[in-house]
Amino acid sequence: MNSAPVETAHALRQTWRPDSWRDRPAAQQPHWPDQDSLDRVIETLGGLPPLVFAGEARQLQNKLAEAAAGQAFVLQAGDCAESFDQMTADSIRDKLKVILQMAVVLAFSAGVPTVKIGRIAGQFAKPRSSSTEVVDNVELPSFRGHMVNDISFSERSRTADAERLVRAYHQSASTLNLLRAFTKGGYADLRQVHLWNQEFIAASPEGRRYERVADGIEAALRFMAACGISTDAPEMHQVDFYTSHEALVLDYEQALTRQDSITGQWYDCSAHMLWIGERTRQLDGAHVEFMRGVQNPLGCKLGPTATPAEALELCEVLNPDRIPGRLTLISRMGADKVSEALPPLLAAVRDAGHPVVWECDPMHGNTYTTAGGRKTRHFEDVMAEIDRYFTAHAEAGTWPGGIHAEITGDDVTECVGGAEAISDDDLERRYETMCDPRLNGPQSLELAFRLAERLSS
């Protein structure tokens, strides 16, 4: 089982270039109406500084290697799709707050180091099930994220505009600047854990439960100081926080690919980690071809139709040297399918000896549409998939290495259920997502506490 299939071995012998993906079928790409404009934009992006650096990506890969070995847990969370219209310092801070709170709950309550990765600073493009949308008998291109077009329903808004790629770059740069300031400038200091509790979260049952965790952390820090143990270590005052997004629009990703001056290897400098979606993981496709050549940590979504043979071929193509931390497989099965679909994949990858990180995306397989026409997810379905994911790993003797969730720091009502008991009727109060429904702050905290219980059991 350790030998690659003939087709895979042949693919691995092919010379890789940042543009070799153009020789493969490319799914989910925008139709750019103005090629000259696209060429100018790609040239502009190619001359701009990298958003992240190769050394940071290598640092993340080392941390993910610990998760692959069962010594850490990955928290990958953030927006379904970032917006050009809602980027403020407060919104970035509040999103970071919730992720920091979730990480503290996991580390303190479950006793495992937590690798923190945001779906942020680049998550501007979305795959769609249909290339067009019909409203009142008018058919227009589907909304593909602010990197490509606009959500408002008009011919002008829905026409793909390559200039948006440059705007996505600059907004990502601004977001990264704030994230680095928050995580390295004292905001992430463990002595500030009480300040991370937003007002609307603090008023919730999970917010009050979080306060007890914060009290425990403060007591532990006081005890350490009383024992003469220094609490001045950098780890007490700052955190390592990494960015990720789905590498969907390949013109953008290629334009931000750079050759590392130290190693000579190629890195996609648009984010620390990139992933391939369920709709673009074709072994002979452009996305797999592009991603196999960049040295960033990679993720790949696996839905309920994924077979053990496909999972093994993806492992061989994307991580032929079997480098721990290089490849994360993200299951997104749905609560009603994960118990049947996931175990064969776990067994095949385990028996082949591939050192992957396993993550659970409990969101995408549990989406449904209400009678009122709103897409939503029920919190208990999300938790059911997580519980069954943990059970599958326990039975396979493998490590349930992480969670991949769509959340926000805003007080939205997009997913039903949770301690707040949000109902279908509540969705209209603050349904703000541009694409898929997200967990709000209290729901995200509740998920973290229940995750901690599973990890510590």
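**Pockets, a cavity and buried parts**

Visitor: How many nonpolar, polar and charged residues does the lining of the largest pocket have?

Guide: This is a predicted model. Sort the lining of the largest pocket by class. The counts are nine nonpolar, nine polar and 15 charged.

Visitor: Which residues lie nearest the centre of the largest pocket?

Guide: The largest pocket has a volume of about 780 Å³. Its lining is made of 33 residues. Nearest the centre lie Pro127, Arg128, Lys375, Cys435 and Asp436.

Visitor: Which element gives the largest share of the lining of the largest pocket?

Guide: Two strands each supply at least two residues of that lining: β3 (132-135) and β13 (375-377). The largest share is three residues. That share comes from β3.

Visitor: Which residues are closest to the centre of the second largest pocket?

Guide: The second largest pocket has a volume of about 660 Å³. Its lining takes in 23 residues. Closest to the centre are Ala107, Thr114, Lys116, Glu235 and Val239.

Visitor: Which element supplies the largest share of the lining of the second largest pocket?

Guide: At least two lining residues come from each of α3 (54-68), α4 (89-110), β2 (114-119) and α9 (234-237). By class, the lining has 15 nonpolar, two polar and six charged residues. Its largest share is five residues, and they come from α4.

Visitor: Which elements give two or more residues to the lining of the largest cavity?

Guide: The structure holds one cavity of 30 Å³ or more. Its lining residues are Ser204, Pro205, Glu206, Ala419, Glu420, Pro442, Gln443 and Glu446. The elements that give two or more of them are α8 (205-226) and α15 (441-456).

Visitor: How much space lies in the largest cavity?

Guide: Start with the wall. By class it has three nonpolar, two polar and three charged residues. The largest share, three residues, comes from α15. The space inside is about 30 Å³.

Visitor: At what angle do the axes of α13 and α14 cross?

Guide: α13 covers residues 338-352, and α14 covers residues 379-396. Their axes come within 9 Å. The crossing angle is roughly 35°.

Visitor: Which residues of α14 make the contact with α13?

Guide: α13 passes α14 in a right-handed crossing. From α13, the contact uses Val338, Ser339, Leu342, Pro343, Leu346 and Arg350. From α14, the residues are Glu385, Arg388, Tyr389, Ala392, His393 and Ala396.

Visitor: How do the residues of the contact of α13 with α14 divide by class?

Guide: Take the residues from both helices together. The contact of α13 with α14 divides into seven nonpolar, two polar and three charged.

Visitor: Why is helix α11 largely enclosed by the rest of the structure?

Guide: α11 spans residues 286-293. The buried residues are Ala286, His287, Val288, Glu289, Phe290, Met291, Arg292 and Gly293. The helix is largely enclosed because the buried count is eight of eight residues.

Visitor: Is serine 331 buried or exposed?

Guide: Serine 331 is found in strand β10 (residues 327-331). Its relative accessibility is 0%. Buried means under 20%. Therefore serine 331 counts as buried.

Visitor: Which residues is serine 331 in contact with, leaving aside its neighbours within four places in sequence?

Guide: Set those sequence neighbours aside. Some partners also belong to the helix contact: Leu342 from α13, with Glu385 and Tyr389 from α14. The full list for serine 331 is Leu302, Leu342, Glu359, Cys360, Asp361, Glu385 and Tyr389.

Conventions:
Residues numbered from 1 in each chain as written. Predicted model: local features only at pLDDT ≥ 70, side-chain atom pairs only at ≥ 80, totals over all residues. Heavy atoms only, no water. 1 Å grid on protein atoms, 1.4 Å probe; cavity = no way out; pocket = protein on both sides within 12 Å on 5 of 7 lines; lining within 4 Å. Points joined across faces, edges and corners; volume = space filled by probe spheres on them. Helix = DSSP H or I, 4+ residues; strand = E, 2+ residues; numbered from the N terminus. Nonpolar A, V, L, I, M, F, W, Y, C, P; charged D, E, K, R; others polar. Axes fitted to C-alpha atoms, helices over the stretch in contact; angles between N-to-C directions. Left-handed = near helix turned anticlockwise from the far one by under 90°. Contact = heavy atoms within 4.5 Å. Buried < 20%, exposed > 50% of the residue type's maximum accessible area, 1.4 Å probe, protein only.
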